[in-house]
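Hello,

Here is the structure I promised to pass on to you. Please have a look at it first, and then read my notes below.

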Amino acid sequence: MSKICTICARAGSKGVANKNIRPLLGKPLIAYSILQAKQCSLFDVIAVSSDSEQILDISRQWGADCLIKRPLELADDKAAKVPAIQHCVREVEKLSGTLFDIIVDLDATSPLRDVSDIVGAVRLLEETGASNVITGTPSHRSPYFNLVEMNSSGVVHLSKLLDPPVVRRQDAPPCFDMNASIYVWRRENFFGPSLTVFHHNTRLYVMPPDRSKDIDSELDFEFVELLLKKR
């Protein structure tokens, strides 16, 4: 089956200025995702979508196959990511004359993932018949034990209640944090009527915490840099 990898990287970033091309141990951040996609040897095309010519130019230098200029309406702070990925895939299909069976999106701000995570997430989709696959890591907090919500009066309560209540965290149902690192779709689900990442048969590929950090702040950047140095 034909596979495309998309990497979406807009210019604007409130948490870390120019984070998608900021140097991280000698490489621009986006280069990590491009190189991981290339090392997989899974993809017919690796495409980068951006509203920034600078990001696209750097992506070309690091080996991206196809560069897609993203419309401004898909690149502001309020724009959802799935429409941007859809735009990228459609544009590549027009250019290549190929309809891709499997779409894989790698988040440009998740450089700690391993190539094996990409391969494993795609394999999970193919072997289970899943509609799509998301990635996540075991949650540090549990909605059944120590994750709370506050109502309009300031009163807090557990996010989810069980009967009988959970008294030890180990007894709570397993919960996971979405780490936004890898998304995998079958074409028919990706271009369906719903823009949600949750479908009738969505599966989770579990990644360890040390490969699940997403860069969204200066502290995140420093933490990721430290973990990469330790490797």
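What follows is a short account of the pocket, the salt bridges and a surface patch.

Please keep in mind that this is a predicted model.

Let me start with the pocket. The largest pocket holds about 450 Å³ of space. Its lining is made up of 23 residues, and those nearest the centre are Cys 8, Arg 10, Lys 19, Lys 81 and Asp 107. If you sort the lining by class, you get ten charged residues, eight nonpolar and five polar.

Now to the charged pairs. Side chains of opposite charge can pair when their charged atoms come close. The structure has twelve salt bridges, and I picked out a few for you.

One of them is between Arg 187 and Glu 93, with 2.3 Å from N to O. This pair ties together distant parts of the chain: Arg 187 belongs to helix 5 (residues 187-190) and Glu 93 to helix 3 (residues 81-96), with their positions 94 residues apart. Is Glu 93 buried or exposed? Glu 93 counts as buried because its relative accessible area is 8%, under the 20% cut-off. Its partner Arg 187 has 23% and is therefore partly exposed.

A second pair sits within a single helix. Asp 57 and Arg 60 are both in helix 2 (residues 53-61), three residues apart, or about one turn of the helix. Their closest N and O atoms are 3.0 Å apart in the salt bridge. Asp 57 is partly exposed, as its relative accessibility is 35%, and Arg 60 is partly exposed too, at 49%.

A third salt bridge joins Asp 220 to Lys 213, where the closest N and O atoms are 3.2 Å apart. Here Asp 220 is buried, with a relative accessible area of 11%, while Lys 213 is partly exposed at 27%. Elsewhere, Lys 81, Asp 105 and Asp 107 form one network through salt bridges that share partners. You have met two of these names already: Lys 81 and Asp 107 are among the residues nearest the centre of the largest pocket.

Last, the surface. Which residues make the nonpolar surface patch of about 300 Å²? They are Val 148, Met 150 and Val 156. Val 148 is part of strand 8, which covers residues 148-150. With a relative accessibility of 49%, Val 148 counts as partly exposed.

I hope this gives you a good way in. Do write back with any questions.

Best wishes

Conventions
Residues are numbered from 1 along each chain as its sequence is written. This is a predicted model: local features need pLDDT of at least 70, side-chain atom pairs count only at pLDDT 80 or more; totals for chains, interfaces and linings use all residues. Side-chain values use heavy atoms; hydrogens and water are left out. On a 1 Å grid over the protein atoms alone, a cavity is a set of points where a 1.4 Å probe fits but cannot get out, and a pocket is an open set with protein on both sides within 12 Å along at least five of seven lines; lining residues have an atom within 4 Å of a point. Grid points are joined across faces, edges and corners, and a volume is the space filled by probe spheres set on the points. Ala, Val, Leu, Ile, Met, Phe, Trp, Tyr, Cys and Pro count as nonpolar, Asp, Glu, Lys and Arg as charged, and the others, Gly among them, as polar. Patches are made of residues with over 30% relative accessible area and no salt bridge: like charges are joined within 9 Å, nonpolar side chains (Val, Leu, Ile, Met, Phe, Trp, Tyr) within 5 Å. Accessible areas come from the Shrake-Rupley method with a 1.4 Å probe; for residues, only the protein chains shown count as cover. A salt bridge is a side-chain nitrogen of Lys or Arg within 4 Å of a carboxyl oxygen of Asp or Glu. Helices (H or I, at least four residues) and strands (E, at least two) are DSSP runs, numbered from the N terminus. Buried means under 20% relative accessible area, exposed over 50%, partly exposed in between (1.4 Å probe, protein chains only).
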